[in-house]
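Trainee: Got a minute to go over the pockets in this one? I'd like to know what lines them.

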Amino acid sequence: MNALLHRTNRIASRLLEWITVLLMIALTVIVIVAVLARLMGHSFSWYDEVAAIMLAWITYYGSALAALHRRHIGFDSVLLAIPPRARMIAVLVGEALVLIFFVLMARAGFQVLEVLEGDSLTSLPWVPVQLTQSVIPIGAILFIICQLLSLPHYWAKTAQGISLEHAEIEEEVETEMEKNKERG
């Protein structure tokens with residue numbers, strides 16, 4: 001079971017990384033092309049609208065990736081200062097609150113899609129607004145999935161009193177120390 005969960009996490013991570021990177025590359029290309037076009041005296045009417053939408057998509061997919069790796073906002077130092085039994089209750093309450101929020105967000109996202117039925121982008125009338133805003137429920141569902149996939153590892157580490165934040169910081173410090181040893 002643990003191997004299957006690890007493999008699933010790895011596949012989800014790679015998929016979200018690729019989606020996020022491809023979106024960032026596409027946004028970069030659009031910005032560069034739009035700037036060059038503007039310098040040549042031609043401006044794209046759709047640039048601002050599409051760039052804002054792509055930035056939102058990057059945010060949602062990147063947030064799901066952050067949830068999978070537990071890199072979103074956390075309070076490990078405060079959590080680990082709580083006695084073990086109360087700490088695990090706090091983890092359950094915190095996880096429940098996050099999951100409830102994203103369930104509500106997904107539900108609201110689907111309601112938004114219903115309201116936007118038939119609307120299209122102002123600058124690109126052939127693009128339905130439902131497509132551009134579908135990232136709200138999709139992102140919320142991805143966040144829920146990633147949060148649940150990362151929960152067993154987070155639960156185990158927190159129960160052991162190990163901070164995921166501190167481990168990451170210590171790893172970075174060690175990497176920098178090694179680089180400095182090689183230089184000196």
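Mentor: Sure, we'll take the pockets one at a time. Keep in mind that this is a predicted model.

Trainee: What volume does the largest pocket have?

Mentor: The largest pocket comes to about 560 Å³.

Trainee: And how many residues line the largest pocket?

Mentor: Its lining has 22 residues. Nearest the centre are H6, N9, L68, H69 and H153.

Trainee: Which helix gives the most to that lining?

Mentor: That's α1, with 8 residues. Helix α1 covers 2-39. At least two lining residues each come from α1, α6 (135-159) and α7 (164-183).

Trainee: How does the lining of the largest pocket divide into nonpolar, polar and charged?

Mentor: There are 9 charged residues, 7 polar and 6 nonpolar.

Trainee: OK, next pocket. What volume does the second largest have?

Mentor: About 410 Å³ for the second largest pocket. It is lined by 20 residues. I73, G74, F75, D76 and Y154 lie closest to its centre.

Trainee: Which helices each supply at least two residues there?

Mentor: Four names to note: α3 (76-81), α4 (84-115), α6 and α7.

Trainee: Which of them gives the most?

Mentor: Helix α4, with 5 residues in the lining of the second largest pocket.

Trainee: And how do the residues of that lining divide?

Mentor: Into 10 nonpolar, 6 charged and 4 polar.

Trainee: Quick recap on α6 and α7?

Mentor: Each supplies at least two residues to the lining of the largest pocket. Each also supplies at least two to the lining of the second largest.

Definitions and conventions: Residues numbered from 1 in each chain as written. Predicted model: local features only at pLDDT ≥ 70, side-chain atom pairs only at ≥ 80, totals over all residues. Heavy atoms only, no water. 1 Å grid on protein atoms, 1.4 Å probe; cavity = no way out; pocket = protein on both sides within 12 Å on 5 of 7 lines; lining within 4 Å. Points joined across faces, edges and corners; volume = space filled by probe spheres on them. Nonpolar A, V, L, I, M, F, W, Y, C, P; charged D, E, K, R; others polar.
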